[in-house]
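Hi,

Here is the structure I said I would pass on. Have a look at it first, and my notes come after.

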Amino acid sequence: MTVVLNTPKDFKVWRWGKHGSIGFVPTMGALHEGHAALLKQAYEDNDFVVLSIFVNPTQFNDPNDLEKYPKTWEADLALAKANGVDAVFFPKYFDMYPDNYRFKVSENSFSNVLDGAHRPGHFDGVLSVVMKLFNIVSPTRAYFGEKDYQQLTLIKDMAESFFMNLEVIPVPTVRESDGLAMSSRNQRLTAEQRALAPAIYKAITQAKSAEEAAAQLTAQGFKVDYVTDMGNRRFVAAKIGEVRLIDNVEI
Ligand code: AMP
């Protein structure tokens, strides 16, 4: 059975009745096979699976992106049920921010590059909401996708830095058959834009350098925020029309 809980207080009552390990998958909803992969891993590793759905306003630097973020509650709940989720945490803004974002978690290094350089305040919002969610859910393990590799790294490092009693588990990126990384934002693409979108994965896997990949994408009509090689990965963020997509691969 899948229960839906809307407030931190109600969630904690459910949580403290559970003995055994808890696998936690935080999301912003509009669920797809990428989210399902995280839920499947959580189901395999733990006694209970918790899914959260919260479109977190503090991590959106662009109000238009927040407003247009897809919402598919009925389908999300069906996907949760099909994947053996025990509890869905589905709060509203003031449930999560009773003091209206008075306190935040900031990072001073890796959050300033790549997406952080292009989305002011984004990672403060991400880290703050994830810290709140971890404190509400008290998971044994929390699952994050490599699709958002910078986010995954920052959350892993935050958990370590604050001596949090949980394990952050990475899950490989799930792709469409044409290579496009699955993303809730893909729903916003027109048919024409959707046909163009796999060029992102193609460029970062096939170009000899980051510069070459950026040039290829620009030539095809993308507005490229960055293509950057860092460590053993190549990161990209590019816009098609109004929709901003990100991806990364090991190199
Ligand atoms: P979101 O709902 O987009 O905030 O994503 C929630 C979680 O699902 C994050 O940990 C993402 O990295 C992960 N995720 C999103 N898309 C994918 C994907 N295509 N493959 C693997 N994980 C994903």
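Below is what turned up, sheet by sheet and then space by space. Keep in mind that this is a predicted model.

Let's start with the six-stranded sheet. It is open, its pairing is parallel, and the strand order is E1-E4-E3-E2-E5-E6. The edges are E1 (3-5) and E6 (167-171), each of which pairs on one side only. Ignoring direction, neighbouring strands in this sheet are turned by 25° against each other on average.

Two of the pairings are worth a click. E2 and E3 run parallel and are joined by six bridges; if you want a spot to look at, Pro 26 has Ser 52 in E3 as its bridge partner. Towards the E6 edge, E5 (residues 141-145) pairs with E6, again in the parallel sense, over five bridges. There, Tyr 143 has Ile 169 of E6 as its bridge partner.

How much of E2 is buried? Six of its six residues are, so the strand is largely enclosed by the rest of the structure. Both of its faces are covered: Ile 22, Phe 24 and Pro 26 are buried on one side, and Gly 23, Val 25 and Thr 27 on the other. As for helices over this sheet, H2 (residues 33-45) lies across E2 (22-27), E3 (48-53), E5 and E6, and runs at about 155° to E5.

One residue I'd pick out is Ala 80, which sits in helix H4 (residues 73-82). Is Ala 80 buried or exposed? Its relative accessibility is 0%, and buried means under 20%, so Ala 80 counts as buried. Setting aside neighbours within four places in sequence, Ala 80 is in contact with Leu 51, Val 85 and Val 88. Ala 80 and Ala 36 are also a pair to look at: 44 residues separate them in sequence, while their C-alpha atoms are 8.2 Å apart in space.

Now the other sheet. This one is open too, with three strands in the order E7-E8-E9 and antiparallel pairing. Its edge strands are E7 (223-230) and E9, each pairing on one side only. The twist here averages 10° from one strand to the next. E8 (residues 233-240) and E9 pair in the antiparallel sense over eight bridges, and Phe 235 has Asn 248 in E9 as its bridge partner. Helix H10 lies across E7, E8 and E9, running at about 30° to E9.

H10 and E9 come up again when you look for enclosed space. How many cavities of 30 Å³ or more does a search of the whole structure find? One, and it holds about 60 Å³ of space. Its lining includes Lys 147, Asn 186, Tyr 201 and Asp 247. H10 (199-206) and E9 (243-250) each supply at least two lining residues, with the largest share, three residues, coming from E9. By class, the cavity lining divides into six nonpolar, two polar and two charged residues.

Last, a pocket you may want to open up: the second largest one, with about 200 Å³ of space. It is lined by 14 residues, and those nearest its centre are Ile 53, Phe 54, Val 55, Lys 71 and Phe 90. That lining has nine nonpolar, two polar and three charged residues.

Cheers

Key:
Residues are numbered from 1 along each chain as its sequence is written. This is a predicted model: local features need pLDDT of at least 70, side-chain atom pairs count only at pLDDT 80 or more; totals for chains, interfaces and linings use all residues. Side-chain values use heavy atoms; hydrogens and water are left out. Two strands pair if DSSP finds at least two bridges between them. Helices (H or I, at least four residues) and strands (E, at least two) are DSSP runs, numbered from the N terminus. Axes are lines fitted to C-alpha atoms, for helices over the stretch in contact, and angles run from 0 to 180 degrees between N-to-C directions. Contact means heavy atoms within 4.5 Å. Buried means under 20% relative accessible area, exposed over 50%, partly exposed in between (1.4 Å probe, protein chains only). On a 1 Å grid over the protein atoms alone, a cavity is a set of points where a 1.4 Å probe fits but cannot get out, and a pocket is an open set with protein on both sides within 12 Å along at least five of seven lines; lining residues have an atom within 4 Å of a point. Grid points are joined across faces, edges and corners, and a volume is the space filled by probe spheres set on the points. Ala, Val, Leu, Ile, Met, Phe, Trp, Tyr, Cys and Pro count as nonpolar, Asp, Glu, Lys and Arg as charged, and the others, Gly among them, as polar.
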